[in-house]
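Please walk me through this structure one region at a time, explaining how its strands and helices are arranged.

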Amino acid sequence: MIMSDIILKTESLTKHYGGVQALEGVDFELRAGEHVAIMGDNGAGKSTFVRQITGVEQRTRGRILFNGKEVNFKGPLEAREAGIETVFQNLALADDLDVPSNLFLGREKILLNLGPFSILDFKGMRAATDAALKRTAVKIPNLGNTIRNMSGGQRQCVAIARTATFASKLIIMDEPTAALGVQETLQVENIIRQLKANGEPLVLISHNMRQVFDLVDRIIVFRRGRMVANLKKSETSGEDVVSYITGAKTGPEFAGAA
Amino acid sequence: MRNAGVAMGQVEKQRRKPWPAELNALIGLIAIMLIFEIVGWSLVGQSFLLNKLRLSIMITQVAVVGILAVGVTQVIISGGIDLSGGSIIGASAMIAMSFAQIGTYPRAIFAAQGLVDLPIIVPILVGLLVALMCGLINGALIAYVKLPPFIATLGMMVSARGVALWFTKGQPISFPTNAFMSIGDGLTPVWIFIGIAVLFSLILKYTLYGKHTYAIGSNQAAARMSGINVERHLMLVYVIASLLAGLAGIVLIARSQTAQPVFGTMNELDAIAMTVIGGVSLSGGRGSILGTALGMLIFGVIFSGFIFLSVDAYYQNMVKGAIIVGAVALDQWRQKRQARDA
């Protein structure tokens with residue numbers, strides 16, 4: 001494979017909180033159109049890893065390359081502007097606004113520019129929302145409803161559609177279905193399949209083994225802040241992944257990490 | 001096909017659209033008017049509503065606080081509170097009036113400097129400038145020093161009242177020019193209120209400013225994550241609230257033809273009560289200027305009705321207190337019910 005194929009690459013990414021080594025020397029790669037799952041026990045460093053990439057926290061050591069260029073995001077906004085969209089565990093939606101307003105929050109379409117009193121282009125945002133929901137196969141009956149009046153699954157769908165609206169270069173989802181019911185989970189999984197069909201790369205953090213095997217191409221296992229396995233889905237099984245998570249096994253190339 | 005099945009499940013789960021709070025206020029307003037009408041015919045023997053003079057007095061009386069309430073509405077929608085409005089009315093009223101006096105009055109504040117008989121734009125700008133300073137301080141303390149809005153504006157409430165009292169050592173200021181008094185003529189204050197209310201209604205509904213105000217009040221963390229400059233926006237929200245308080249002060253002194261340091265006392269609470277009665281949520285994110293205007297009319301009708309029925313002024317204050325508490329209790333109940341439904 002050629003270098004330009006790599007969307008995201010980390011080199012010995014390390015994060016210490018005081019004396020605690022939350023993340024230690026992670027070398028990670030994500031290629032164009034690839035869906036990768038990150039698995040691991042609680043406290044294995046999955047969320048810490050995401051927080052370094054999305055600029056929510058500043059890494060202790062290591063390099064992050066995004067689209068071939070080294071990046072140093074000062075905050076989550078810079079990461080977003082660069083094209084990394086994240087769906088966090090706690091949804092970042094404004095409950096009292098409707099769907100288009102949430103999708104376009106902070107980057108509204110403007111009809112007439114009058115500084116802070118610029119007039120909004122409701123029609124344009126509505127149309128773009130329709131298009132984005134179609135692209136992600138999300139169905140929400142009444143876009144004019146406020147988020148407050150929606151079910152947990154619909155909220156999550158809006159949060160995900162929001163990431164997909166802005167032709168992002170990379171989507172990261174941190175346990176997107178952890179708080180959802182069965183049917184709502186199916187809906188979110190459909191969106192993820194749609195993203196795959198659209199060729200949009202994704203990093204998925206999940207505890208759900210079935211979901212991971214259903215959705216992704218590759219599974220990365222973290223244990224005690226280190227990467228301990230990098231498995232193609234076709235070459236592994238649920239039991240195999242569990243043994244990596246629990247520490248019964250460690251990938252040969254990560255022998256030093258155990 | 002699988003998608004279709006999921007979508008259908010969703011339709012069933014779809015919550016019905018909630019009853020708008022403005023409608024509650026409208027129903028309340030109509031009910032209160034009808035009660036006074038009925039009581040009026042049975043006790044006083046005349047109509048409460050079909051009296052042009054009473055209605056015009058009522059509406060000019062509440063219009064001044066209404067202007068203040070428009071500013072307070074957008075503050076509360078942004079998730080904050082502004083207790084300083086009444087005192088800013090007092091401070092800008094006093095200082096603006098000192099630049100509006102006639103030259104033939106020998107004890108005019110700035111007679112010695114020759115600052116009398118000035119065009120009306122001068123006292124208006126001076127009044128707004130005083131308010132702007134207060135707003136900038138409020139905004140800076142809340143947005144950048146991160147003080148709770150309650151505390152920051154409570155401080156301003158005390159300090160701005162101090163300015164109003166200090167300016168003339170407690171003496172009233174009178175004898176404004178005829179041109180200046182024209183601002184308070186007849187129904188002019190009402191037209192000013194309507195103009196301000198319509199303008200801010202449109203701003204809150206159709207502009208970036210409005211959208212971001214609701215977003216910040218709804219979920220400040222989400223607004224920040226979305227790239228909204230929350231600090232700059234809150235600064236603007238409090239500056240606008242203070243400017244509207246200043247404008248209310250100017251209209252008030254033009255109507256009263258005098259300025260007293262106690263002007264505006266407790267008006268901030270009336271304004272907050274109007275917004276809450278009108279369905280603006282004290283926890284932010286919800287409400288409208290239309291609701292506040294309805295809340296203002298409810299206020300006006302109740303007090304005009306008490307005068308109509310010759311109810312003692314002391315009872316009026318007791319009832320006012322009950323209305324404020326009742327409105328907040330209603331807001332809490334509404335939220336609890338919504339939280340349960342969601």
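**A walk through two chains**

The residue A:Asn67 is placed in the loop between β4 and β5 of chain A, and it makes a convenient place to begin reading this model, which is a predicted one. Although A:Asn67 is not a glycine, its phi is positive, at about 55°. Around A:Asn67 there are 15 other C-beta atoms within 10 Å, and because a residue counts as buried with 20 or more and as exposed with 12 or fewer, A:Asn67 is partly exposed.

The two strands on either side of this loop belong together, for β4(A) and β5(A) form a hairpin with 2 residues between them. Strand β5 of chain A covers residues 69-70, and its pairing with β4(A) is antiparallel, over 2 bridges. Within this hairpin, A:Phe66 stands opposite A:Lys69 in β5(A). Strand β4 of chain A, which spans residues 61-66, is also joined by 5 bridges to strand β1 of chain A, residues 6-17, and these two strands run antiparallel. A reader who wants to find this pairing in the structure can look for A:Glu11, whose bridge partner in β4(A) is A:Arg63.

We can now turn to a sheet in chain A. In which order do the 6 strands of the open sheet follow one another? The order is β6-β9-β10-β3-β11-β12, and the pairing is mixed. Strands β6 (84-87) and β12 of chain A stand at the edges, where each has a single partner strand, so one side of each is left without a neighbour in the sheet. On average, and with direction ignored, neighbouring strands of this sheet are turned by 20° against each other.

One pairing inside the sheet can be followed in detail: strand β3 (residues 35-40) of chain A and strand β10 (residues 202-205) of chain A pair in the parallel sense, over 4 bridges. There, A:Ile38 has A:Ile205 as its bridge partner in β10(A). Helix α1 of chain A, residues 46-53, packs on the sheet and touches β3, β6, β9 (170-174), β10 and β11 of chain A, while its direction makes about 145° with that of β9(A). Helix α8 of chain A, residues 238-246, lies across β3, β11 and β12 of chain A, and runs at about 25° to β11(A).

Helix α8 of chain A holds the residue A:Ile245, which counts as buried because it has 20 C-beta neighbours inside 10 Å. Not counting residues up to four places away in sequence, A:Ile245 touches A:Met39, A:Gly40, A:Asp41, A:Val221 and A:Arg223. The last of these gives a useful example of a sequence folding back on itself in space, since A:Ile245 and A:Arg223 are 22 residues apart in sequence and 6.4 Å apart in space, C-alpha to C-alpha.The loop between β11 (218-223) and β12 (226-232) of chain A contains A:Arg224, another residue that has a positive phi, of about 45°, although it is not a glycine. A:Arg224 has 17 C-beta neighbours inside 10 Å and therefore counts as partly exposed.

In chain B, we can look at how helices meet. The axes of helix α4 (residues 85-98) of chain B and helix α6 (residues 149-167) of chain B come within 7 Å and cross at roughly 25°, which makes α4(B) roughly parallel to α6(B). The crossing in which α4(B) passes α6(B) is left-handed. Among the residues that make this contact are B:Ile88, B:Ala91 and B:Met94 of α4(B), together with B:Met157, B:Ala160 and B:Phe167 of α6(B). Sorted by class, the contact of α4(B) with α6(B) has 10 nonpolar, 2 polar and 1 charged residues.

A second pair of helices in chain B is formed by α3 (residues 52-77) and α12 (residues 267-277), whose axes come within 8 Å and cross at roughly 65°. The crossing of α3(B) and α12(B) is right-handed. The residues of this contact divide into 8 nonpolar, 3 polar and 1 charged.

Helix α12 of chain B includes B:Ala271, which counts as buried because it has 35 C-beta neighbours inside 10 Å. Leaving aside its neighbours within four places in sequence, B:Ala271 is in contact with B:Val65, B:Leu68, B:Ala69, B:Val72 and B:Gly85.

Conventions: Residues are numbered from 1 along each chain as its sequence is written. Chains are lettered from A and ligands numbered from 1 in the order in which they are written. This is a predicted model: local features need pLDDT of at least 70, side-chain atom pairs count only at pLDDT 80 or more; totals for chains, interfaces and linings use all residues. Axes are lines fitted to C-alpha atoms, for helices over the stretch in contact, and angles run from 0 to 180 degrees between N-to-C directions. Angles under 35 degrees count as roughly parallel, over 145 as roughly antiparallel, 65 to 115 as roughly perpendicular and the rest as oblique. A crossing is left-handed if the near helix is turned anticlockwise from the far one by less than a right angle, and right-handed if clockwise. Two residues are in contact if their C-beta atoms, placed from the backbone, lie within 7 Å. Ala, Val, Leu, Ile, Met, Phe, Trp, Tyr, Cys and Pro count as nonpolar, Asp, Glu, Lys and Arg as charged, and the others, Gly among them, as polar. Two strands pair if DSSP finds at least two bridges between them.
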